[in-house]
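Trainee: Please take a close look at one part of this model, the surroundings of the second ligand. I should like the account to be set in the context of the chain as a whole.

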Amino acid sequence: MVAHNSKRRVALITGVTGQDGAYLAQHLLGLGYTVHGIKRRSSSFNTARVDHLYKDRHAGDVPFLMHYGDMTDSSNLIRLVQQIRPTEIYNLAAQSHVQVSFESPEYTANADAIGVLRLLEAIRILGMEKETRFYQASTSELYGLVQEVPQKETTPFYPRSPYGVAKLYGYWITVNYREAYGMFASNGILFNHESPIRGETFVTRKITRAVAGIEVGLENKLYLGNLDAKRDWGHAGDYVEGMHRVLQVDEPGDFVLATGQTRSVREFVELAFAEVGRRIEWRGKGAEEIGVDKASGKTLVQVDPTYFRPTEVDLLIGDASKARAKLGWTPKTSFSQMVKEMVASDLVQARQDAANGKRGF
Ligand code: NDP
Ligand code: GDR
């Protein structure tokens, strides 16, 4: 097994510009790592989440560096791994939106499934199997259609989207390379985790942004899909600490990270509106359902079937006992603290947008 060289601590994070990449880079820099991140070429700036970590290269000491790259580009990945020689790779890059994966299934498979293989092969081609530990961002979406609750490492997988199916390949190729080549390659099977820098089209951030936008007068109504889906929602800051721990133990393996509590989208909506003192009353059913502000009678939430998915994951609730026992990991942030933090942050943003005459939505 890969002996962990504690003297040299060099991490490579794919997907560093995403929610988890930003939290993980910050965490690893705090632990004294040199952190390299892969960012995609884009016609507009896409590094807002990590700009505060970036120090001017010309200033000398640069513990955080970014490189252009893409999970669909093997030669680029091989070259970067060769140049950086990371002691740890965190593969977080993915087309991570479940609904979008129904629109772009082939691209999702390329980036989320074959991309994992490309990175594992880069390690193997370069003969770095004993030098580099590998973390794969696996997901509770692997569980999909409910087989058992709570879901744990031994629960059978039944993915329900092209995203989930692509991630299933990523999970198993990671296990296979561990078994075939003795690599320190591990899966973190992470349940949903959110934060103020969560992508704006995931349901939690969509809700908190709309609550703030409605409060500040920038928008009138929040349109949502399935209100009854249940998720085990934690805070991204807690989960990146778990990712790091997955690579610090003596043996590689697969670990569920979850809070063990589940809440519906409907409950998230109610709590987020409660943060600004509004009580939501639900009227109607299914595609006709609306959420009304109890005090004013105004409709603030409306179901829009456009957001229904061809196949849905109804219930996720994770059992993180293995992570607790073997990694010493437990989530610290409560659900209500997280909702409060997200609404407060979006209120600040919405007020700035209003002051600057920007709609922002
Ligand atoms: P985000 O969508 O916020 O970030 C995804 C990152 O991947 C972004 O940096 C994005 O770049 C990058 N990316 C996308 N496609 C490519 C590509 N082809 N080549 C290189 N980079 C690419 O996701 P999260 O931070 O929320 O999630 C991180 C990982 O964890 C993902 O793999 C996700 O599937 C997985 N996961 C997430 C969970 C969650 O609840 N957040 C739960 C379980 C697993 P850009 O900024 O340019 O778009
Ligand atoms: P999910 O997150 O699919 O669980 O994947 P998302 O926030 O997109 O959906 C959660 C649930 O909310 C329902 N929903 C809506 N979802 C979105 N995005 N927009 C809506 O308007 C809406 N209305 C209701 C969905 O149907 C679903 O049931 C996330 C991603 O981060 C994945 O990358 C990760 O692997 C999993 O979490 C764990």
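Mentor: The account below begins with the ligand shell and proceeds to the domains, the other ligand and the helix packing.

The model is predicted, with local features requiring pLDDT of at least 70 and side-chain atom pairs counting only at pLDDT 80 or more, while totals for chains, interfaces and linings use all residues. Residues are numbered from 1 along each chain as its sequence is written, and chains are lettered from A and ligands numbered from 1 in the order in which they are written.

Ligand 2 is surrounded by 23 residues, where a residue is near a molecule if its C-beta atom, placed from the backbone, lies within 6 Å of it. The closest are Ser96, Thr139, Val203, Gly225 and Ala229. Two helices, H3 (98–103) and H6 (203–216), each contribute at least two residues to this shell; helices (H or I, at least four residues) and strands (E, at least two) are DSSP runs, numbered from the N terminus. The largest share, three residues, comes from H6. Sorted by class, the shell around ligand 2 holds nine nonpolar, nine polar and five charged residues. Here Ala, Val, Leu, Ile, Met, Phe, Trp, Tyr, Cys and Pro count as nonpolar, Asp, Glu, Lys and Arg as charged, and the others, Gly among them, as polar.

The shell around ligand 2 also draws at least three residues from each of domain 1 and domain 2. Domain 1 covers 10–194 + 233–261, and domain 2 covers 203–230 + 264–312 + 333–355, with bounds from an automatic or database domain assignment. Their C-alpha centres lie 30 Å apart. Eleven residues from domain 1 and ten residues from domain 2 form the contact, two residues being in contact if their C-beta atoms, placed from the backbone, lie within 7 Å. On the side of domain 1 that touches domain 2, H3 and helix H7 (236–246) each supply at least two residues. H3 gives the most to that side, with three residues. The residues of this side of domain 1 divide into three nonpolar, five polar and three charged.

The other ligand may be described in the same terms. Of the 26 residues around ligand 1, Gly15, Gly18, Ala93, Ala94 and Ala137 come nearest. Helix H1 (19–30) and strand S5 (133–139) are the elements giving two or more residues to this shell, and H1 gives the most, with three. The shell around ligand 1 has eight nonpolar, 15 polar and three charged residues.

Helix packing completes the picture. The axes of H8 (residues 265–274) and H10 (residues 335–355) come within 9 Å and cross at roughly 55°; axes are lines fitted to C-alpha atoms, for helices over the stretch in contact, and angles run from 0 to 180 degrees between N-to-C directions. That makes H8 oblique to H10, since angles under 35 degrees count as roughly parallel, over 145 as roughly antiparallel, 65 to 115 as roughly perpendicular and the rest as oblique. Phe268, Leu271 and Ala272 in H8 meet Ser336, Val339 and Val343 in H10. Five nonpolar, one polar and no charged residues make up this contact of H8 with H10.
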